[in-house]
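This report describes selected features of one protein chain. It takes up salt bridges, a sheet with its covering helix, a loop glycine and a surface patch.

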Amino acid sequence: MASSLISRQFALSLQKNLWLSAPGCRYVSKAAPKTQVEFDYDGPSMKTSVPGPRSQALTKQLGDIQNVAAINFFCNYDESRGNYLVDVDGNRMLDIYTQISSIPIGYNHPALLKLMSNPNNLSTLVNRPALGILPPESFPDNLTESLLSVAPSGMTRVQTMACGSCSNENAYKAMFIWYRNKERGHKAPSAEDLSSCMVNQVPGCPELSILSFTGAFHGRTMGCLSTTHSKAIHKLDVPSFDWPIAPFPKLQYPLEEFTRENAQEEARCLEEVEDLIVKWRQKGKPVAGIVIEPIQAEGGDNHASPDFFRSLRNVARKHGVAFHVDEVQTGGGNTGKLWAHEHWGMDDPADIVSFSKKLLTGGYFHKDELQADQPYRIFNTWMGDPTKNLLLVEVLNVIRKENLLEEVTRSGKALQNGLYELQAQYPGILSRARGLGTFCAIDICDDATRSSILLKARDKGVLLGGCGDRSIRFRPSLVFKEYHVHMFLNIFNEVLAQHK
């Protein structure tokens with residue numbers, strides 16, 4: 001079906017800084033200069049409902065090979081541009097979810113296409129080395145130019161990995177190795193250590209733990225699942241370690257209007273963290289590390305104050321445990337800073353910072369003392385992919401050249417203000433709008449209504465994602481401009497008006 005929202009009249013009205021309003025809409029668009037990105041479309045264009053007939057046929061075909069229960073639709077990535085994802089039925093959608101927050105500068109960015117078409121890069125594209133034993137000549141310089149150029153404060157070492165889960169999994173191993181080396185006084189493992197680990201017994205396989213938080217998501221691999229507490233479907237039927245789980249603060253929004261209540265809640269959670277560290281030490285399963293997200297993403301976009309994280313960092317120091325900040329989803333610029341923990345204002349924010357998604361490659365930064373003491377302790381065949389580091393160099397160049405972090409701050413302010421307005425207009429449907437930069441979310445009255453809103457928005461040309469029990473999360477690329485915000489708010493308002 002043709003979309004009535006994306007007519008030429010609509011595009012022209014955007015250029016005049018006028019925002020088309022659905023009946024009853026209270027908004028007046030603020031001036032938002034439209035700096036047209038050359039590779040961006042001018043709006044959604046819908047030909048069928050989603051998934052369309054071609055997507056349905058492909059889903060059936062793939063269903064004979066794999067489990068396809070989670071597939072939304074099939075995509076035409078050749079035709080996708082900028083902020084727009086095109087499906088195989090020709091539907092063009094404004095993508096504000098971006099492959100679960102993983103597209104840094106939009107689809108088919110010209111700078112990345114140029115990079116990949118450069119004949120000098122062919123070797124990197126066609127050969128995937130085992131980086132832990134046979135890295136290419138360019139690898140040290142490439143890491144220096146890409147990841148080390150944006151290293152968190154106080155960190156000069158980085159270990160690349162393939163994805164977020166394996167980044168966290170190996171970061172946990174690094175914390176355990178560090179902790180045991182401290183316990184042994186940095187002496188060589190004993191014969192008993194070496195023999196007992198081969199049969200999964202202490203002392204070689206020590207009874208150590210990692211403290212995580214309710215609502216956390218750190219991945220779906222075995223170790224990570226013991227620190228993931230966002231949805232039962234992630235964990236059901238899979239064994240987990242007996243590790244401590246502290247309460248993550250349940251704050252009231254907007255944060256600035258509930259400072260006293262939120263400070264009390266955060267103090268309660270910090271006290272529980274300390275109690276758990278003591279309790280697990282007494283149980284004979286001492287905490288080797290604390291892992292936390294700057295904003296709990298999958299668990300519902302749950303926020304805490306910079307003071308909470310600064311205090312938690314001090315708790316880790318006090319008890320001699322490693323402090324691991326999981327920036328797999330928050331890293332890469334969506335909060336208005338490259339790392340969300342930069343908002344805490346700390347010179348020494350963490351011992352380990354893991355990343356993936358918008359950074360294209362996975363991995364973790366770490367302090368010198370968390371370097372593995374022997375080869376093959378932190379290891380797998382590929383340990384990342386040089387092509388991703390090559391792409392990241394260009395992504396960072398684009399971010400700097402186009403001042404995209406400033407753009408995110410502007411777009412984020414417009415998005416948050418729009419969500420506050422919609423929340424006031426539809427109090428029976430929306431609540432708890434919140435965000436940092438364009439890393440935003442809003443709660444829907446119940447899960448069924450959320451599902452309906454997500455599907456209706458998709459059929460009108462907007463891709464959104466859910467998180468937590470009833471939240472919608474916004475994860476646009478860094479080239480998401482203010483006029484994209486207004487385009488989205490207009491469509492979202494129409495969807496909400498149908499539910500009013």
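A salt bridge is counted here when a side-chain nitrogen of Lys or Arg lies within 4 Å of a carboxyl oxygen of Asp or Glu. In this predicted model, a search of the whole structure by that criterion returns 25 salt bridges. Side chains of opposite charge can pair when their charged atoms come close.

**Salt bridges**

Three of the pairs are set out below.

| Pair | Closest N and O atoms |
|---|---|
| Arg92 and Asp42 | 3.8 Å |
| Arg184 and Asp193 | 3.7 Å |
| Asp348 and Lys367 | 2.7 Å |

Arg92 forms a salt bridge with Asp42. Arg92 belongs to strand β2 (residues 92-95), while Asp42 sits in the loop between α1 (8-15) and α2 (53-63), so this pair ties together parts that are 50 residues apart in sequence. Arg92 counts as buried because its relative accessible area is 18%, and the limit for that class is under 20%. Asp42, at 27% relative accessibility, is partly exposed.

In the pair formed by Arg184 and Asp193, both residues are buried.

The salt bridge of Asp348 with Lys367 has its closest N and O atoms 2.7 Å apart. The pair links distant parts of the chain, 19 residues apart: Asp348 is in the loop between β7 (322-326) and β8 (352-355), and Lys367 is in the loop between β9 (362-366) and α13 (386-401). Asp348 is partly exposed, with a relative accessible area of 24%, whereas Lys367 is buried at 12%. Both residues also belong to a network of salt bridges that links them with Arg313, Arg317 and Asp351.

**Sheet and helix**

Strands of a sheet pair through backbone hydrogen bonds, either parallel or antiparallel. Four strands of this model make an open sheet, in the order β10-β11-β14-β13, with antiparallel pairing. Its edges are β10 (430-436) and β13 (465-467), each of which pairs on one side only. From one strand to the next, the twist averages 30°.

Strand β11 (residues 439-444) pairs with strand β14 (residues 471-474) over four bridges, in the antiparallel sense. Ala441 stands opposite Arg473 of β14. Helix α14 (residues 404-425) lies across β10, β11 and β14, and it runs at about 170° to β10.

**Gly300**

Which residues does Gly300 contact, leaving aside its neighbours within four places in sequence? They are Arg434, Cys467, Gly468 and Ser471. Among them, Arg434 falls within β10 (430-436) and Cys467 within β13 (465-467), the edge strands of the sheet. Ser471 belongs to β14 (residues 471-474).

Gly300 itself is in the loop between β6 (287-292) and α12 (306-319). With a relative accessible area of 3%, Gly300 is buried. Its C-alpha atom lies 10.0 Å from that of Phe217, and the two residues are 83 residues apart in sequence.

**Surface patch**

On the surface, Leu122, Leu125 and Val126 form a nonpolar patch, and together they have about 280 Å² of accessible area. Leu125 is part of helix α5 (residues 122-126). At 36% relative accessibility, Leu125 is classed as partly exposed. Residues enter such patches with over 30% relative accessible area and no salt bridge, and the 36% computed for Leu125 is in line with that cut-off.

Methods:
Residues are numbered from 1 along each chain as its sequence is written. This is a predicted model: local features need pLDDT of at least 70, side-chain atom pairs count only at pLDDT 80 or more; totals for chains, interfaces and linings use all residues. Side-chain values use heavy atoms; hydrogens and water are left out. Patches are made of residues with over 30% relative accessible area and no salt bridge: like charges are joined within 9 Å, nonpolar side chains (Val, Leu, Ile, Met, Phe, Trp, Tyr) within 5 Å. Accessible areas come from the Shrake-Rupley method with a 1.4 Å probe; for residues, only the protein chains shown count as cover. Helices (H or I, at least four residues) and strands (E, at least two) are DSSP runs, numbered from the N terminus. Buried means under 20% relative accessible area, exposed over 50%, partly exposed in between (1.4 Å probe, protein chains only). Two strands pair if DSSP finds at least two bridges between them. Axes are lines fitted to C-alpha atoms, for helices over the stretch in contact, and angles run from 0 to 180 degrees between N-to-C directions. Contact means heavy atoms within 4.5 Å.
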